[in-house]
Amino acid sequence: MIAYASRTGNVRYVVSKIKAETIEIVEGLKVDKPFLLITYTDGLGDIPVKVTRFLESNGSLCKGVVVSGNSNFGHRVFGGAGDKVAALYRIPLVRKLDLRGYQADYEAIQQFYEKRVIG
Ligand SMILES: Cc1cc2nc3c(=O)[nH]c(=O)nc-3n(C[C@H](O)[C@H](O)[C@H](O)COP(=O)(O)O)c2cc1C
């Protein structure tokens with residue numbers, strides 16, 4: 001499945017482009033199967049608080065991360081949430097998207113999902 005967090009809709013749009021079972025991260029969510037995380041970036045390159053909390057109880061099932069950010073924040077913090085999650089959980093950073101990204105990104109995400117999450 002895909003577990004995602006979206007505040008202003010960009011990640012939600014990306015998720016709508018992928019054929020997969022999806023679930024939005026809410027407080028206290030517990031999942032029972034492998035998932036791909038798709039998240040936005042908060043603060044200055046930070047993981048959103050609700051994503052940190054979700055990973056604290058579900059991180060062992062996380063197979064990869066896709067991050068959305070805004071490159072106007074500068075390369076040092078662009079999509080920083082993805083770099084941090086990948087390092088903390090030793091999982092691949094599948095794609096770093098500027099806002100909603102592009103069709104080629106959705107294809108790469110779909111392929112990763114089929115090979116490494118449900119495959
Ligand atoms: C308060 C705030 C802080 C942000 N900080 C960063 C940041 O440090 N790096 C980055 O790449 N994007 C940052 N962004 C941009 C969002 O991550 C980006 O717009 C993303 O596409 C939002 O996804 P969503 O529409 O699904 O919420 C920030 C946005 C807001 C509102």
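## Polar contacts with the ligand

In this predicted model, a backbone N or O atom of Gly-9 lies 3.0 Å from an oxygen atom of the ligand, and a backbone N or O atom of Asn-10 lies 2.7 Å from an oxygen atom of the ligand. For Val-77, a backbone N or O atom lies 3.1 Å from a nitrogen atom of the ligand. The protein covers 82% of the 650 Å² of accessible area that the ligand has on its own, where accessible areas come from the Shrake-Rupley method with a 1.4 Å probe.

## The shell around the ligand

The ligand is surrounded by 20 residues (each with a heavy atom within 4 Å of it), and the closest are Ser-6, Arg-7, Thr-8, Gly-45 and Ser-68. The residues of this shell divide into seven nonpolar, eleven polar and two charged, with Gly counted among the polar ones.

## Aromatic pairs

The count comes to two aromatic pairs (ring centres within 6.5 Å). Tyr-13 and Tyr-106 form an aromatic pair that is edge-to-face (planes over 60 degrees apart), with 6.4 Å centre to centre and 65° between the planes. Because Tyr-13 lies in helix H1 and Tyr-106 in helix H4 (residues 103-117), the pair ties together parts that are 93 residues apart in sequence; helices here are DSSP runs (H or I) of at least four residues.

## Basis of the values

Residues are numbered from 1 along each chain as its sequence is written, and side-chain values use heavy atoms, with hydrogens and water left out. Local features need pLDDT of at least 70, side-chain atom pairs count only at pLDDT 80 or more, and totals for chains, interfaces and linings use all residues.

How values were computed: Polar contact = N/O pair within 3.5 Å; in protein donor to acceptor, adjacent residues only side chain to side chain. Phe/Tyr/Trp six-rings, centres within 6.5 Å; stacked < 30°, edge-to-face > 60°. Helix = DSSP H or I, 4+ residues; strand = E, 2+ residues; numbered from the N terminus.
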